[in-house]
Amino acid sequence: MIAAEKFARWTAAAPFWLVYMLPVLVWLGALNGGLWVLLPPLATWYLFSALDAALGLNTENADPQTEERALLWYRAGVMLWAPVQFVTLFALIWYVSGNDALTTLEKFGVFFGTGVMTGTVGIVYSHELLHQRNNLERRLGDWLLAMVLYSHFRSEHLLVHHVWVGTPRDPVTARYNEGFHRYYPRVLRECPVSAFRAEKKLLARRGLPWWHRRNPFWLYLGLQLAMLVLALIVGGWGGLALFLVQAGVAIWQLELTNYVEHYALTREHLGGGRYEHVKPHHSWNSAHTATNWLLINLQRHSDHHYKPDRRFPLLQNYAETEAPQLPYGYPVMTMAAMVPPVWRRVMNPKVKAWRRQWYPQIEDWSDYNKARTPLPKGSA
């Protein structure tokens, strides 16, 4: 276990601040054009994966009871990202939309890289912020999601995914043999509806109609409209188009990660719409050092589901005997997911081994494979 005094130093938190090189790389692409626009995806997908290969695994754990004041440098890095991303995004829209020296393809490349940044870092940081209890952090999380037009993720993630993961009620639990290219349109279609239904149900329990002002979908709508209008004001119709490009890339990055996190890891149906509790073996994990810096320990995913509001530096690593492990970090695994035959070759044997290890009593997996087991009791 890492000593508390060492853990609280800024030097211990410094590797998590490496993501602040991404706005610089995006700007290098915008200023220079050409192959410079490739720097953000090269850094996030390949550089951090190469560092994983060099640095190996990090299985050390901090004391989960560490006091909040010891987390200053970790929290500051996450909270500062929201204003940095906001300024970077809209300054880029202003600069690129009015720059005739850049070709249309180069402009697209700049905002593809921007979407890699807002998806890989912005949405992951919003996820961390939305799980916290104070209003400032939650509002910063909402702000980040609005910048990629995916505000409903807050409701879907907190009210649906964490409650019903591994069951047919959770849209983002990828099914066995469901390739990403089938999964992606399905979650784009199902998640907003699922999120709205969850908020409507929550309001109904309080005796309120869905259109009541306490429905966060009004906030989502207002924030997203504000972002769209600002993009239009700053960059005209071209700027609005560039904003939409980065939002689309960011959403794609998020759902690739969602696809990897729980692929085919289903909870056992106990009968009558009852399912076993979520356990560490219902999430894919990775202890790769550098990509956990990039993704603020999101790859310690089992512990996140065990303690959803546990701050990222305190998330615990699980051994292979406790939770299934990925062979590589999320960036490599998401690249594999884009090629379904490669994904199935790597992951399906792991899923079969997982089933033999944890559920030897289940002989027929056909209903689990197609999400045809009954909906969980109380989820309708």
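**Exercise 1. Helix 5 and helix 7**

At what angle do helix 5 and helix 7 pack, and how far apart are their axes? Decide how the pair is oriented and find the hand of the crossing.

*Solution.* The model is predicted.

- Step 1. Start with the description of a pair. Two packed helices are described by the angle between their axes and the distance between the axes.
- Step 2. Read off both values. Helix 5 and helix 7 pack at an angle of about 40°, and their axes are 10 Å apart.
- Step 3. Classify the angle. Helix 5 is therefore oblique to helix 7.
- Step 4. Add the hand. The crossing of helix 5 and helix 7 is left-handed.

**Exercise 2. Helix 7 and helix 10**

Repeat the description for helix 7 and helix 10.

*Solution.*

- Step 1. Locate the helices. Helix 7 covers residues 135-146, and helix 10 covers residues 216-261.
- Step 2. Give the geometry. The packing angle of helix 7 and helix 10 is about 40°, with 9 Å between their axes.
- Step 3. Classify the angle. Helix 7 and helix 10 are oblique to each other.
- Step 4. Add the hand. Helix 7 and helix 10 cross in a right-handed way.

**Exercise 3. A salt bridge between two loops**

Which parts of the chain does the salt bridge of Arg311 and Glu68 tie together? Find the cover of each partner too.

*Solution.*

- Step 1. Check the contact. A salt bridge needs a side-chain nitrogen of Lys or Arg within 4 Å of a carboxyl oxygen of Asp or Glu. The side chains of Arg311 and Glu68 meet at 2.9 Å, N to O, in a salt bridge.
- Step 2. Place both ends. Arg311 sits in the loop between helix 12 (301-306) and helix 13 (330-337), and Glu68 in the loop between helix 4 (39-55) and helix 5 (72-97), so the pair ties together parts that are 243 residues apart in sequence.
- Step 3. Judge the cover. Buried means under 20% relative accessible area. Arg311 has 9%, so Arg311 is buried. Glu68 has 39% relative accessibility and counts as partly exposed.

**Exercise 4. Two more salt bridges and a network**

Compute nothing new here. Describe the pairs Arg69 with Glu67 and Glu190 with Arg189. Then name the members of the network.

*Solution.*

- Step 1. Take Arg69 and Glu67. The closest N and O atoms of this salt bridge are 2.7 Å apart.
- Step 2. Look at the surface. Arg69 is exposed, at 69% relative accessible area. Glu67 is partly exposed, at 46%.
- Step 3. Take Glu190 and Arg189. Their side chains form a salt bridge at 4.0 Å, N to O.
- Step 4. Look at the surface again. Glu190 has 26% relative accessibility and counts as partly exposed. Arg189 is exposed, at 53%.
- Step 5. Name the network. Glu68, Arg75, Glu137 and Arg311 are joined into one network by salt bridges that share partners.
- Step 6. Give the total. The count is 14 salt bridges.

**Exercise 5. Positive phi**

Where do Asn177 and Ile296 lie, and is each buried or partly exposed?

*Solution.*

- Step 1. Recall the background. Most residues other than glycine have a negative phi.
- Step 2. Turn to Asn177. Asn177 is not a glycine, yet has a positive phi of about 70°. Asn177 lies in the loop between helix 8 (153-164) and helix 9 (180-205). With a relative accessible area of 33%, Asn177 is partly exposed.
- Step 3. Turn to Ile296. Ile296 is not a glycine either, and has a positive phi of about 40°. Ile296 lies in the loop between helix 11 (289-294) and helix 12. With 3% relative accessibility, Ile296 counts as buried.

**Exercise 6. A surface patch**

Which residues form the nonpolar patch on the surface? Place Trp218 and judge its exposure.

*Solution.*

- Step 1. List the members. The patch consists of Trp210, Trp211, Trp218, Leu221 and Leu225.
- Step 2. Give the area. Together these residues have about 550 Å² of accessible area.
- Step 3. Place Trp218. Trp218 is in helix 10. Its relative accessible area is 42%, so Trp218 is partly exposed.

**Exercise 7. Sequence and space**

Find the separation in sequence and in space for Pro324 with Val351 and for Arg344 with Lys201.

*Solution.*

- Step 1. Place Pro324. Pro324 is in the loop between helix 12 and helix 13. Pro324 is buried, at 9% relative accessible area.
- Step 2. Take the pair. Pro324 and Val351 are 27 residues apart in sequence, and their C-alpha atoms are 9.0 Å apart.
- Step 3. Place Arg344. Arg344 lies in helix 14 (residues 340-358). Arg344 is partly exposed, at 32% relative accessibility.
- Step 4. Take the pair. Arg344 and Lys201 are 143 residues apart along the chain, with 37 Å between their C-alpha atoms.

How values were computed. Residues numbered from 1 in each chain as written. Predicted model: local features only at pLDDT ≥ 70, side-chain atom pairs only at ≥ 80, totals over all residues. Heavy atoms only, no water. Patch = residues over 30% accessible without salt bridge, like charges linked within 9 Å, V, L, I, M, F, W, Y side chains within 5 Å. Areas by Shrake-Rupley, 256 points an atom, 1.4 Å probe, with all protein chains shown as cover. Helix = DSSP H or I, 4+ residues; strand = E, 2+ residues; numbered from the N terminus. Buried < 20%, exposed > 50% of the residue type's maximum accessible area, 1.4 Å probe, protein only. Axes fitted to C-alpha atoms, helices over the stretch in contact; angles between N-to-C directions. Parallel < 35°, antiparallel > 145°, perpendicular 65-115°, else oblique. Left-handed = near helix turned anticlockwise from the far one by under 90°.
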